[in-house]
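Let's take a walk through this protein together, from its overall build to the residues at its heart. Have your viewer ready.

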Amino acid sequence: MQKSVYIKTYGCQMNVYDSARMADVLAPRGYRQAEAPEDADLIILNTCHIREKAAEKVYSELGRLKRIKLNRRAAGKDAAIAVAGCVAQAEGAEIRRRAPAVDLVFGPQSYHRLPELLDRAKRDGSAIGQDFEADEKFDTLPEESASQGPSAFLTVQEGCDKFCTFCVVPYTRGAEFSRPAAAILAEARRMVAGGTREIALLGQNVNAYAGAAPLGVRGGAKGGVWGLGRLIRELAEVEGLDRIRYTTSHPRDMDDDLIAAHADVPALMPYLHLPVQSGSDRILAAMNRKHTADDYRRTVDRLRASRPDLALSSDFIVGFPGETDGDFAATLKLVTGIGYAQAYSFKYSARPGTPAAEADGQVPEAVKAGRLAALQQLLEAQQAAFNHACIGRTMPVLLDRPGRKPGQLVGRSPWMQAVHVAAPAERLGSIADIAIDRATANSLAGRLAAAPAPPARVRTGGLRAEGARAA
Ligand code: SAH
Ligand code: SF4
Ligand code: F3S
């Protein structure tokens, strides 16, 4: 029987990937995707627990969904509500106590069991799935998957063993786990056959990737392990895969081979999200990051020596317990020295169960707000300078989605900037050379350059140009 599911995704890119896979798990059961929760027999909230605000959003959304459920029930229709993802893992049965309209709660390592959990919820009135190991999930997810489009995510690593003192991820995603390389290569080939041209490899600590090497392949032997650099080199050989990215990396796991891959693999895009969190060694130590600000600077220098046009992005936390004006000044100094193309910054949010939540020296909200505003002003100025430096240049853009205006397409530059361009719809999914003539604080606009673009792998190497680095 035809049924429909509506999935709303919060949080990081891994949740986006997981939501797509949930749809794949449900498809053989007759579920197609609904446009709106009002039309769905099953509503899934794929949630994020990283900051208090993110987690609280879920409960306000559940209030709205309860009314939709009651309306559907009154009309004699099904309306099951499921909470998935990191809030589900962290809070489990507590969610049903706070929001009794919820039928099903399952964490990030349980969604491969969705059909069974749905049956159980129907039979018993509710069900909870809180597995903690990722390996069984990847072994049982269906091979068949709906295309994510020209630019897609592929999870290669999951979980975290780092235990930064502010962070819930080691508790919601479990221990570090790397998928075997053969499974990743096979999934990448299927994605490319389905029209994908750019793959972003995902992991909470993606550069800690250490996956079983395929048997019988060059360098692959029983017991052999590939790091991320090797995996990227092999993926670059997949015919039709023009662009590779990876996220999120930990500064400690940036090894020589991966740094060298930035020089050797043209398909590896010149953009890296490398979160530093703070520029103060005292705060970095209290965060349990296990690197200093200078370690980070040296890593960035080596990356830029390998790929001179590499653009950097980072995450920052302001107002971590004990952070003084001097510590915050060290963060501003680091940002000024590095020069970011883009960045995310957050006020520290105390998370239950993490060591920093119990620490002395919690910083008042007003101080956090002041520091965040100052940091964001600096980061925004760097981003605007980076974007404006692109005016007058021609760059290959993967046109991956329709724009808001008719006749417009939007794509991604090699440096992750959104690029708006007037182009015929049939160019969707292709890589086109775009002459950039305008820049805003967070995007570029341009026009199709005269000649059709040769494949991206030939072009990008030639694009190492001045201006790619933020001022
Ligand atoms: N695995 C990634 C980040 C995962 S969470 C890494 O190691 O960098 C994404 C970002 O959220 C973090 O980089 C951090 O900047 C922010 N974050 C995590 N916990 C937070 C908290 N308790 N308060 C504020 N920001 C937080
Ligand atoms: Fe969280 Fe730190 Fe692990 Fe990143 S490395 S997921 S910030 S504990
Ligand atoms: Fe959020 Fe979980 Fe991702 S807490 S950031 S959805 S790993």
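How many helices and strands make up the secondary structure of the protein chain? In this predicted model, the protein chain has 15 helices and 21 strands. Its radius of gyration is 23 Å, close to the 23 Å that the globule rule gives for 471 residues, so the chain is as compact as a globular protein of that length. If you want a frame for your view, the C-alpha atoms fill a box of roughly 65 × 55 × 55 Å along the principal axes.

Next, consider how the chain packs. Buried residues account for 55% of the 471 residues. Take the contacts between residues at least 6 apart in sequence: 71% of them join residues at least 24 apart.

On the outside, the accessible surface comes to about 19,700 Å², and carbon and sulfur atoms contribute 53% of that. As for charge, there are 61 positive and 55 negative side chains in the chain, with the centres of the two sets 4 Å apart.

Now let's turn inward. The largest nonpolar core has 52 residues, and the members that touch the most others are Leu-201, Leu-231, Tyr-246 and Tyr-340. Helix H8 (residues 181-193) supplies the largest share of this core, six residues. A second, separate core holds 28 residues, including Val-5, Tyr-31, Leu-42 and Phe-177.

Tyr-246 is a good place to zoom in. Leaving aside residues up to four places away in sequence, Tyr-246 touches Leu-201, Val-206, Leu-228, Ile-232, Met-254, Leu-258, His-262, Leu-268 and Leu-272.

Methods
Residues are numbered from 1 along each chain as its sequence is written. Chains are lettered from A and ligands numbered from 1 in the order in which they are written. This is a predicted model: local features need pLDDT of at least 70, side-chain atom pairs count only at pLDDT 80 or more; totals for chains, interfaces and linings use all residues. Side-chain values use heavy atoms; hydrogens and water are left out. Helices (H or I, at least four residues) and strands (E, at least two) are DSSP runs, numbered from the N terminus. The radius of gyration is taken over C-alpha atoms; the globule rule is 2.2 Å times the number of residues to the power 0.38. Buried means under 20% relative accessible area, exposed over 50%, partly exposed in between (1.4 Å probe, protein chains only). Contact means heavy atoms within 4.5 Å. Accessible areas come from the Shrake-Rupley method with a 1.4 Å probe; for residues, only the protein chains shown count as cover. Lys and Arg count as positive and Asp and Glu as negative; His and the chain ends are not counted. The place of a charge is taken as NZ of Lys, CZ of Arg, CG of Asp or CD of Glu. A nonpolar core is a set of buried Ala, Val, Leu, Ile, Met, Phe, Trp, Tyr and Cys residues joined through side-chain atoms within 4.5 Å.
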